Amino acid sequence: MVMHENINQVFRTVKHYLPDLWSTAAHSTSFRNTRSGYLRSRITLLGVVWGILIVLWIPFDLFFLPENQGTPIAIARLMLGGGLFLIAWHSQHHVRLYQAQWSMVLLVLMINFFYIYSISVLDFPQVYSGVEYGYTLLPILHVAVLTILPITLKESLGLLAITAVCQIGVDIKAQRLFTSEIMADYWLQNVLALMVIWSQQSKLYMLMRLYRQATLDPLTGIYNRRMLLQLAQKSLEACEQSKQPFTVLLFDIDKFKRVNDTWGHGAGDDVLKAFTYFIQEKIRKTDLFGRYGGEEFILFLPNCDHQTGQEIADRMLDSLRALELDIDIMDTKLRITSSVGISSLSQGDSLSSLIERADRALYECKDAGRDCARFHPLGYVYSQNERRKAVA
């Protein structure tokens, strides 16, 4: 019974993570940035270390190979080493994910071009012995080094395909594609490729789990307060630089304590998850939505002025009033409402002042009977609540 549950848990985990492990399409912008930094450090290290090792082998080529072979291969090694150092430098100074992806592709292409060139200079050796034998093993090395990269399955298959096509092309040119030695090498290389893919997916899966534990609210699956404010600060700065509006909507589920007291905390959790799903279905990909604390949520709207923010809040409140939430207790369906405090970027504003002003607007909603939205511009004084008399 326990084994059956464990197997089911594995299948549920794989099913949940499979889209994220296959491609970057479902990855959030913040996770892409996180993985980009991780990839950059790995590519930089790989470029530097491999570049040094490539150059250090030059004396062996010059000593053990004939001059008409050793010299051109040594020159190719110098060029490859320089190219790998250049990739390492580029990877260190460019932060976007697509730049890291192109660095990986360029790295794999360069080492495979060196393989093709060196084998052609060696006149496609047929006897697997001596220094030449080491060059025939380069494709296996090209597959093995990819182990250190936390990449998606689609990325992994693409990079492995480059090495496979180059190796097959060389073997066809050397007229040895269907020899027993080559078939044994291919079998070994395919087994190694499967192990490499497993290692890559394990690294990506672990990176994804650690990221989600550090940045997402465990109950609702949206950004937690720390991550939300970090992303909001960057979005705010971008709007300020481009002179675009920026609006904050602070939501508070009305009388949420009554739900917990009446139906239990399980029902309260169901309400929070349903509310989260409701908001996520109505926002843009560029918007930032997260849990601020308890039953409070924040929606940051870049490139939206306060009038648009007010319209969005009103539409959401209208839809929320018609929503029925199933809490799995005696077929009970709950209706909830929300109060929304709104603030918009003005000259001299900071993220904290925007949130504070939205918080004051939220409490004006509560004093007005809840289930409404209020906007507080910079300098507005709400005199009904002594705690919030100070000018934002």
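This report describes one helix pair, one buried glutamine and two loop residues with positive phi in a predicted model. Local features need pLDDT of at least 70 and side-chain atom pairs count only at pLDDT 80 or more, while totals for chains, interfaces and linings use all residues. Residues are numbered from 1 along each chain as its sequence is written, and side-chain values use heavy atoms, with hydrogens and water left out.

Helix α2 (residues 29-56) packs against helix α5 (residues 97-121) at an angle of about 25 degrees, with the axes 8 Å apart; the two are therefore roughly parallel (angles under 35 degrees). The contact (heavy atoms within 4.5 Å) is made by Arg32, Arg35, Ser36, Leu39, Arg40, Ile43, Leu46 and Trp50 of α2 together with Leu97, Ala100, Gln101, Ser103, Met104, Leu107 and Ile111 of α5. These contact residues divide into 9 nonpolar, 3 polar and 3 charged.

Glutamine 201 has its place in helix α9 (residues 180-215), and with a relative accessibility of 12% glutamine 201 counts as buried (under 20% relative accessible area, with exposed over 50% and partly exposed in between, for a 1.4 Å probe and protein chains only). Leaving aside residues up to four places away in sequence, glutamine 201 touches Leu21, Ile151, Thr152 and Leu153.

Two residues other than glycine have a positive phi and lie in loops.

| Residue | Phi | Loop between | Relative accessibility |
|---|---|---|---|
| Asparagine 303 | near 65 degrees | β3 (296-302) and α13 (306-321) | 45%, partly exposed |
| Arginine 370 | near 70 degrees | α14 (351-367) and β7 (373-375) | 31%, partly exposed |

Helices (H or I, at least four residues) and strands (E, at least two) are DSSP runs, numbered from the N terminus.

Definitions and conventions:
Axes fitted to C-alpha atoms, helices over the stretch in contact; angles between N-to-C directions. Parallel < 35°, antiparallel > 145°, perpendicular 65-115°, else oblique. Nonpolar A, V, L, I, M, F, W, Y, C, P; charged D, E, K, R; others polar.
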